[in-house]
Amino acid sequence: MKPTEKLYTDPTVPLDIRVEDLLSRMTVEEKVIQLNQYTLGTNDIENNKGVEVKNIPAEIGSLIYFGTEPELRNRMQRHAMENSRLGIPILFGYDAIHGFRTIFPIPLAQACSWNPALVEQGCSITAQETKQSGIDWTFSPMIDVSRDPRWGRVAEGYGEDPYANAIFGQAAVRGYQGKKLDDSISIAACLKHYVGYGASEAGRDYVYTEISRQTLWDTYLPPYEISLRSGAASLMSSFNNISGIPGSANHYTLTEILRNKWGFRGLVVSDWGAVLQLINQGVAKDLKEAGKLALNAGVDIDMMSHSYDKYLKELVAEKEVEPTVLDESVRRLLRLKFQLGLFENPYTPKTEASARFRRTASLQVAEELSAQSMVLLKNDGTLPLHAVKRLAVIGPMANNDHDMLGCWWGHGEDKDIHKLLDGITDELKKTEIRYAKGCDFLGEDESGFKEALQAAKWADVVVMCMGEKGNWSGENNSHADITLPQIQQRLMQKIHAIGKKVILVLANGRPLVLGSAVDMSNAILEMWQPGTDGASAVAGILSGRINPSGKLAMTFPYSQGQIPIYYNRRSSARSNQGFYKDMTSEPLYSFAHGLSYTHYSYGELSASKTTLSKGEKVKVSVSVTNDGEHDGMETVFLYVSDPYSRISRPVKELKRFDKRMIRKGETENFEFILDVNRDLGFVDDQGNLFVEAGEVKICIGDKKLSLEIK
Ligand code: NOJ
């Protein structure tokens with residue numbers, strides 16, 4: 001082909017050559033407009049209301065698409081392909097956070113499954129439903145380490161541990177992106193919110209975060225560094241002000257670390273309005289300066305701030321932004337569009353909604369993921385239920401559909417939701433069931449108490465379905481008070497006084513402070529917000545058909561005054577002092593807590609060698625015996641602690657986990673390969689890796705082992 005011919009339109013030409021060919025043909029105006037993202041369709045994002053852009057230019061780079069059918073997207077795409085000079089397709093994005101139409105449990109719950117393969121399957125179903133509806137790109141997964149349950153967005157991520165966020169982040173990327181980005185059922189993933197957003201002070205959304213360089217490097221960055229290794233196509237720059245420099249204007253995190261140190265070649269999109277908000281954060285005097293800061297820091301796409309479209313051309317002319325910087329951002333966007341196959345297949349084929357959404361196999365995965373996400377927090381033997389003749393099902397969650405979805409429910413529909421009452425009724429066919437709502441989630445109205453008390457008196461066992469409304473967590477949902485609401489506690493007290501066995505089933509998007517509800521319950525099942533298909537999992541756990549296997553990915557505080565409370569604190573000056581004088585310093589339920597109907601015994605730990613050299617690998621093994629009465633799935637966690645090093649390290653750090661079925665009476669051998677440098681070393685406040693000679697302790701279950709690094 002001659003160079004004047006459009007190489008970029010030829011799919012047989014290598015990708016980078018196509019990108020350069022197209023870039024060389026673009027005017028500054030065409031480049032600038034590519035770097036903006038507007039919305040298309042009726043905005044369903046509650047916290048981010050933008051002024052809809054009328055007459056969207058055919059050259060626009062990206063749109064957030066709120067539709068569930070491809071028609072509108074295809075019409076807009078045709079406009080881009082046919083009415084722009086170069087025919088560059090638009091990239092359509094959307095927040096499919098835990099499902100598109102089939103809604104899976106909230107991500108915090110998914111983490112409690114400790115089953116990355118299942119999480120990956122869920123994400124690939126989401127990718128298929130999303131892609132076939134006209135969307136190429138999801139703003140997920142969220143891999144922000146979160147240690148403050150007052151922050152509503154804890155629901156959207158994988159909890160308090162960096163390694164867990166990394167592993168589930170990788171699983172999500174694999175699920176969304178599939179084998180190849182240009183497959184008809186793959187979408188691009190977006191790791192967010194880079195970086196440290198989970199450290200929002202006092203759990204308040206969008207605010208300042210105080211993060212030392214050490215903590216940045218050893219706590220908040222690792223999930224990103226590791227998830228990028230699974231090929232994540234994009235990343236979102238965060239709202240939070242990281243110790244003075246906002247995430248969307250932070251050259252250190254966005255360029256020095258992400259590009260220069262890690263070599264990330266993918267796309268960076270700002271969070272919604274994050275460029276404009278640099279003015280509020282006091283680092284830009286106006287929108288023009290905000291755009292300059294963001295692009296120069298490394299934000300390629302401006303989501304809804306209208307800074308790049310208004311000022312970027314001027315900034316380039318004034319040499320405030322180098323043309324090479326502009327080109328590099330456009331290059332990244334074009335590369336993703338080529339990778340997604342958008343130039344060859346710009347339009348989404350029409351498929352029947354029934355063939356696209358909620359396929360039988362998808363529902364099975366949703367149900368299984370719900371089941372494995374649920375955590376049995378307490379059980380005095382009341383569960384599983386034995387020959388219960390009369391069961392009362394009480395509470396605002398019992399016959400509730402919408403609140404099962406939690407926050408960010410995509411295009412989940414209430415009519416698809418399996419309600420708890422229905423799930424329990426279907427499961428317990430021989431049990432007579434009576435339902436009473438009793439009270440609402442909040443308020444003072446006790447008029448429903450009477451009916452609830454009557455049902456409880458009549459019953460042998462009472463199931464109380466309580467907790468939070470779905471929209472109490474998620475973005476812009478910080479709560480100063482995370483105790484189980486008073487009205488629900490009062491209803492529990494009245495029912496408890498009757499003296500019947502009480503099973504508390506909790507729906508919530510964050511760890512709660514449960515107060516006296518713990519003592520008033522014989523058993524507590526944390527079902528989280530399980531999505532469209534979680535009710536039969538709850539029923540199965542109640543009946544004993546399912547042996548619960550979830551374990552907490554985030555600590556439940558005993559009291560709000562303990563927050564932040566998480567398992568991997570750095571070692572303290574006095575390990576036997578510094579406790580609260582007015583209450584316990586222990587959490588109510590710690591990280592990794594979760595009961596089962598069976599019992600597991602852990603054997604002694606063994607290692608392939610106990611004296612290790614830098615750079616080598618070591619195998620650590622443990623056998624686990626199911627010596628209880630039921631088959632079960634057990635998650636084995638391997639922690640490392642380093643009692644002495646140049647940096648004060650966490651008391652213990654999760655380095656591996658593995659979940660497996662162990663049949664009753666059987667023993668499984670778990671083996672973990674540790675890399676001395678990566679797993680037993682640590683980084684300093686510049687990201688430099690150190691592996692120091694000395695003792696390192698390995699801990700699995702109640703067993704410990706010492707290793708020595710030479
Ligand atoms: C703001 C949220 O912080 C982010 O998570 C989301 O992806 C964008 N809005 C787009 O909706």
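How many salt bridges does a search of the whole structure find? In this predicted model, the search returns 50 salt bridges, and a few of them are set out here together with the sheets and the aromatic pairs.

## Salt bridges

| Acidic residue | Basic residue | Closest N and O atoms |
|---|---|---|
| D21 | R25 | 3.0 Å |
| E314 | K288 | 3.0 Å |
| E692 | R646 | 2.8 Å |

The salt bridge between D21 and R25 lies within helix α1 (residues 15-25), where the two residues are four apart and therefore separated by about one helical turn. D21 counts as buried because its relative accessibility is 9%, whereas R25, with a relative accessible area of 21%, is partly exposed.

E314 and K288 also form a salt bridge; because E314 belongs to helix α12 (residues 308-317) and K288 to helix α11 (residues 287-297), this pair ties together parts that are 26 residues apart in sequence. E314 is partly exposed at a relative accessible area of 36%, while K288, at 19% relative accessibility, counts as buried, the cut-off being under 20%.

In the salt bridge of E692 with R646, the partners come from distant parts of the chain, 46 residues apart: E692 sits in the loop between β26 (689-690) and β27 (694-700), and R646 in the loop between β22 (632-641) and β23 (653-662). R646 counts as exposed, at 54% relative accessibility. Elsewhere, E20, R259, D300, E328, R331 and R332 are joined into one network by salt bridges that share partners.

## Sheets

One open sheet consists of five strands, paired in the parallel sense and arranged in the order β4-β3-β2-β1-β11. Its edge strands, β4 (137-138) and β11 (302-303), each pair on one side only. Within this arrangement, β2 (residues 62-65) and β3 (residues 91-94) pair over three bridges, and L63 has F92 in β3 as its bridge partner.

A further open sheet has six strands in the order β12-β17-β16-β15-β13-β14, with mixed pairing. Because β12 (375-379) and β14 (432-436) at the edges each have a single partner strand, one side of each is left without a neighbour in the sheet. On average, and with direction ignored, neighbouring strands of this sheet are turned by 15° against each other. Strands β16 (residues 501-507) and β17 (residues 523-526) pair in the parallel sense over four bridges, with E526 in β17 as the bridge partner of L506. Helix α16 (residues 420-427) packs on this sheet and touches β13 (390-394), β14, β15 (461-467) and β16, its direction making about 170° with that of β14.

## Aromatic rings

Across the whole structure, 27 aromatic pairs are found. One of them is the stacked pair of F338 and F343, with 3.9 Å centre to centre and 10° between the planes; F338 is buried at 5% relative accessibility, and F343 is buried at 12%. The pair of F637 and Y639 is likewise stacked, with 6.3 Å centre to centre and 25° between the planes, and both residues are buried. F637 and Y639 also belong to a cluster linked by ring pairs, whose other members are W114, Y158, Y163, F168, Y567, F591 and F657.

Two arginines lie over ring faces: R356 over that of F357, at 4.7 Å from the ring centre, and R660 over that of F670, at 4.1 Å from the ring centre.

Definitions and conventions. Residues numbered from 1 in each chain as written. Predicted model: local features only at pLDDT ≥ 70, side-chain atom pairs only at ≥ 80, totals over all residues. Heavy atoms only, no water. Phe/Tyr/Trp six-rings, centres within 6.5 Å; stacked < 30°, edge-to-face > 60°. Buried < 20%, exposed > 50% of the residue type's maximum accessible area, 1.4 Å probe, protein only. Lys NZ or Arg CZ within 6 Å of the ring centre and 35° of its normal. Pairing = 2+ DSSP bridges. Axes fitted to C-alpha atoms, helices over the stretch in contact; angles between N-to-C directions. Contact = heavy atoms within 4.5 Å. Salt bridge = Lys/Arg side-chain N within 4 Å of Asp/Glu carboxyl O.
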